[in-house]
Amino acid sequence: MGRLHLHLISDSTGETLENIAKAAIAQFDDVEVVRHFWPMVRSESHLDRIMAEVQASPGMILFTLVNGELRVSLERRASALNLPTVAALDAVTDALSRMLGQEAKARPGRQHVLDAAYFARVEAIQFTVAHDDGIGWENWEQADIVLAGVSRTSKTPTSIYLANRGFKTANIPIVPESPPPGALFTLKRPMIVGLTTGLDRLVQVRRNRLLSLNQAPETAYVDDERVKAELAYARRMFADNGWPVIDVTRRSIEETAAAVIKLVEDRTGA
């Protein structure tokens, strides 16, 4: 089975990109596609953060960006990494432009009807971006979902995927030397879900991350016994608080998010 990282970068919710990606992927057999969703990308600083993740998990980049400077920056950076980029709507837009005899309007997400569901999804994405990696814990009670797990258990990409589904999602790294704020254990509204993974996979993911950042590949961050202790600490916390746990070892981001959504639906009876 082949494995492909597919980065979907959009200046809107990314819904159009997701549908295009699903339709295209369905044409191929025996391919494991790991989708990374990056919605609401409208600044160079946001692109900086995304490209660091792209470098860590290199693959194809499918995008819809109407800002010319941002498009050029993305394509230049991807070229430097020898990664292919595909502007998902260019061919259709260009053909329509020729047929209609007019230039397309460069407006992010103009294809969406601005209804209540759309604004709710945008609000969820904004909340999620602002509450990544333990930031803004004072507002966690406003979240629909809080993901907890040790470093490199796919908390951020899963959060973004869930936000694209309309769920306000916060996430918190579980670090034995720095326990999470007490507010985490008193939350009432959000569904708190623990993410865990296999020891060998986690060590390998962390080692790859260090190498992608040109850092020493042998540190406590990837020491087997240290990582094993981290995982055990997190699992004890999950068990002590009765939080459901999802093992992401063999799951794609989409599969993990689907499992989280199922937990939320079971809880609410939806």
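Which residue forms a salt bridge with Glu254? In this predicted model, where local features need pLDDT of at least 70, side-chain atom pairs count only at pLDDT 80 or more, and totals for chains, interfaces and linings use all residues, the partner is Arg35, with the closest N and O atoms 2.3 Å apart. Residues are numbered from 1 along each chain as its sequence is written, and side-chain values use heavy atoms, with hydrogens and water left out.

A salt bridge here is a side-chain nitrogen of Lys or Arg within 4 Å of a carboxyl oxygen of Asp or Glu, and the structure holds 13 of them. In the pair just named, Glu254 sits in helix 9 (residues 253-268) and Arg35 in strand 2 (residues 31-38), so the bridge ties together parts that are 219 residues apart in sequence. Helices (H or I, at least four residues) and strands (E, at least two) are DSSP runs, numbered from the N terminus. On the accessibility side, buried stands for under 20% relative accessible area, exposed for over 50%, and partly exposed for anything in between (1.4 Å probe, protein chains only). By that yardstick Arg35 is buried at 11%, while Glu254 is partly exposed at 23%.

Helix 3 turns up in two further bridges. Arg77 forms one with Glu44, the closest N and O atoms being 2.7 Å apart. Since Arg77 belongs to helix 3 (residues 68-80) and Glu44 to helix 2 (residues 44-56), that pair links parts 33 residues apart in sequence. Glu44 itself is partly exposed, with a relative accessible area of 34%. Arg71 and Asp90 also meet through their side chains in a salt bridge (2.7 Å, N to O). Here helix 3 supplies Arg71 and helix 4 (residues 90-100) supplies Asp90, so the parts tied together are 19 residues apart in sequence. Asp90 counts as partly exposed at 27% relative accessibility. Elsewhere, Glu18, Lys22 and Arg165 are joined into one network by salt bridges that share partners.

Next comes the annotated site. According to an unreviewed UniProt entry, a "binding site" covers Gly149, Val150, Ser151, Arg152, Thr153, Ser154, Lys155 and Thr156; positions follow the numbering used here, feature names are shortened, and annotations may be inferred rather than shown by experiment. Of these residues, Ser151, Arg152, Thr153, Ser154, Lys155 and Thr156 are included in the lining of the largest pocket. A pocket is an open set of points on a 1 Å grid over the protein atoms alone, where a 1.4 Å probe fits, with protein on both sides within 12 Å along at least five of seven lines; lining residues have an atom within 4 Å of a point.

Arg152 is in the loop between strand 5 (145-149) and helix 6 (155-164), and is partly exposed at 25%. Not counting residues up to four places away in sequence, Arg152 touches Glu53, Arg201, Leu202, Val205, Arg206, Arg209 and Tyr221, a contact being heavy atoms within 4.5 Å. Thr156 is found in helix 6 and is partly exposed too, at 28%. Beyond its neighbours within four places in sequence, Thr156 contacts Asp132 and Asn171. The side chains of Thr156 and Asp132 are joined by a polar contact of 2.6 Å.

Asn171 leads on to strand 6. Five of the five residues of strand 6 (residues 169-173) are buried, so this strand is largely enclosed by the rest of the structure. Thr169, Asn171 and Pro173 point one way from strand 6, and Ala170 and Ile172 the other way.

Methods:
A polar contact is a pair of N or O atoms within 3.5 Å; within protein, one must be able to donate a hydrogen and the other to accept it, and residues adjacent in sequence count only if both atoms are side-chain atoms.
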